[in-house]
Amino acid sequence: MTATAQTIHQGIQEYGVADSLAGAGALSDVERAQRFGAFVAEYRDRALRLAWRLLGGNDAAAEDVVQEALIRGFRALGSFRGDAALSTWFYRILVREVRRHQRWASVRARWNGIATGDEADPAPGGSPDVLLRERIAKAMEKLPRGQREVFVMVHLEAFTVVQAAEALGKSPGTVKSHLHRALVALRNELADLREGAPS
Amino acid sequence: MSRNEERSELSAEERDFVARLREGYKPEPLSGARATAFHARLEERFENSRPSRGWFPLGVMVASCAALALALLASPGTDPVTRLPSVTPPAEPQVVASAETPAEPAAEPSESESSGEGLLEYAMLDDDMDEGAGYLPDDYEALTGLLYDDGTEDADAES
């Protein structure tokens, strides 16, 4: 646990979850806002990157999901007892919010009779970087959800297998199995990106 | 298991491939106007998320339901049970044993779920986050109970 996270955690424990949730006790609005600000500063950037990669490169969806996860995480902070890493605990909330978003996006799309899924934000022009990003996003989209999640967390976001397993609610063995299958599938789908392949 | 051990499971060529994906598939940094808008929206949502405000309509709804139930029960000469519409018990679900690995949960609703009720049921499904419930620290169990009390805890059907 980082020093910042520990400070937040200790502060919330000191005042108690009821006070922190309702804002009716020792925590003033200012203190509450300050602690929330520290919580956001701790997780914002990595959470945005993770959500963006899980949501197929959709900026707006990633920002929406991260905001919801930050608020839910902060509200639930008082129930955190320290027997797991606070960061992993938060990312578990984030992954759940990503899944929730995807499920509702799918329902909305089906209801409206349009194509499903989160589309990447349209980028101006067609630079090689943008085209590559779109290709990778489409290849990721083809992976089963479980494989996509573990690949993004472990290989793109540098979570350990154990951290990813805890955040996703899977066993480490399942995570490793998903990692292997995802890598094989992506290497086939994006064969030209492999070393020595003609660009 | 250290991170080095995990990475050593990849060949040099695989590590290079993964590095290309990592560099090629990342968002633009949040800066300038986007960051300002992000924080303004977050602050607004944070203020609106206060439970004291959120619980008020729920409390009103619960109180209304309770009052309605009491009124029904207190009506003289009536049997509240007979007022209920008849409900046809659902058919017993057919359980088909299969030796194959179960498929991963569908990412989208099926055609049969396209009706309004089907879509709603699909949207309310819990996901498979608790496949490793016995494995996870208590904090995760507490989190699930606190935040997601919809009660359905599907087993992980992934391979």
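Mentor: A nonpolar core is a set of buried Ala, Val, Leu, Ile, Met, Phe, Trp, Tyr and Cys residues joined through side-chain atoms within 4.5 Å. Buried means under 20% relative accessible area, exposed over 50%, and partly exposed in between, with a 1.4 Å probe and protein chains only. The model is predicted, so local features need pLDDT of at least 70 and side-chain atom pairs count only at pLDDT 80 or more, whereas totals for chains, interfaces and linings use all residues. Residues are numbered from 1 along each chain as its sequence is written, chains are lettered from A and ligands numbered from 1 in the order in which they are written, and side-chain values use heavy atoms, without hydrogens or water.

Trainee: Which helix gives the largest share of the largest nonpolar core?

Mentor: That core has 64 residues, and those with the most contacts inside it include A:L70, A:Y91, A:L94 and B:L21. Helices here are DSSP runs (H or I, at least four residues; strands are E, at least two), numbered from the N terminus. The largest share, 10 residues, comes from α3(A).

Trainee: With which residues is A:L94 in contact, leaving aside its neighbours within four places in sequence?

Mentor: Contact means heavy atoms within 4.5 Å. A:L94 is among the residues with the most contacts inside the largest core. Its partners beyond those neighbours are A:A47, A:L50, A:A51, A:V65, A:V66 and A:A69.

Trainee: Which element of chain B helps to cover the buried residues of α6(A)?

Mentor: Helix α6 of chain A (residues 128–142) reaches 21 Å from its first C-alpha to its last, close to the 21 Å expected, where the expected span is 1.5 Å times one less than the number of residues. Its buried residues are A:V130, A:R133, A:I136, A:A137, A:A139 and A:M140. An α-helix has 3.6 residues a turn, so residues three or four places apart point the same way. The cover includes α3, α7 and α9 of chain A and, from chain B, α2 (12–24).

Trainee: Why is the pair of A:F36 and A:F74 classed as it is?

Mentor: Rings of Phe, Tyr and Trp (its six-membered ring) pair if their centres lie within 6.5 Å; planes under 30 degrees apart count as stacked, over 60 as edge-to-face and the rest as tilted. By this rule there are 11 aromatic pairs over all chains. The centres of A:F36 and A:F74 are 5.2 Å apart and their planes stand at 70 degrees, so the pair is edge-to-face.

Trainee: How are the rings of A:F36 and B:F46 arranged?

Mentor: A:F36 is buried at a relative accessible area of 6%, and B:F46 is buried too. The pair joins two chains, because A:F36 lies in α3 of chain A and B:F46 in α3 (residues 32–48) of chain B. With centres 3.9 Å apart and planes at 5 degrees, the pair is stacked.

Trainee: Over which ring face does A:R46 lie?

Mentor: A charge sits over a ring if NZ of Lys or CZ of Arg is within 6 Å of the ring centre and within 35 degrees of the ring normal. Ring pairs link A:F159 into a cluster that includes A:F39, A:Y43 and A:F90. At 3.9 Å from the ring centre, A:R46 lies over the face of A:F159.

Trainee: Where in chain B is confidence lowest?

Mentor: pLDDT is the predictor's confidence in each residue, from 0 to 100. Chain B has a mean of 63, and 31% of its residues reach 70 or more. Where pLDDT is low, the predicted coordinates should not be read in detail. Confidence is highest in α2(B), at 94, and lowest, at a mean of 47, in helix α5 (residues 80–83) of chain B.
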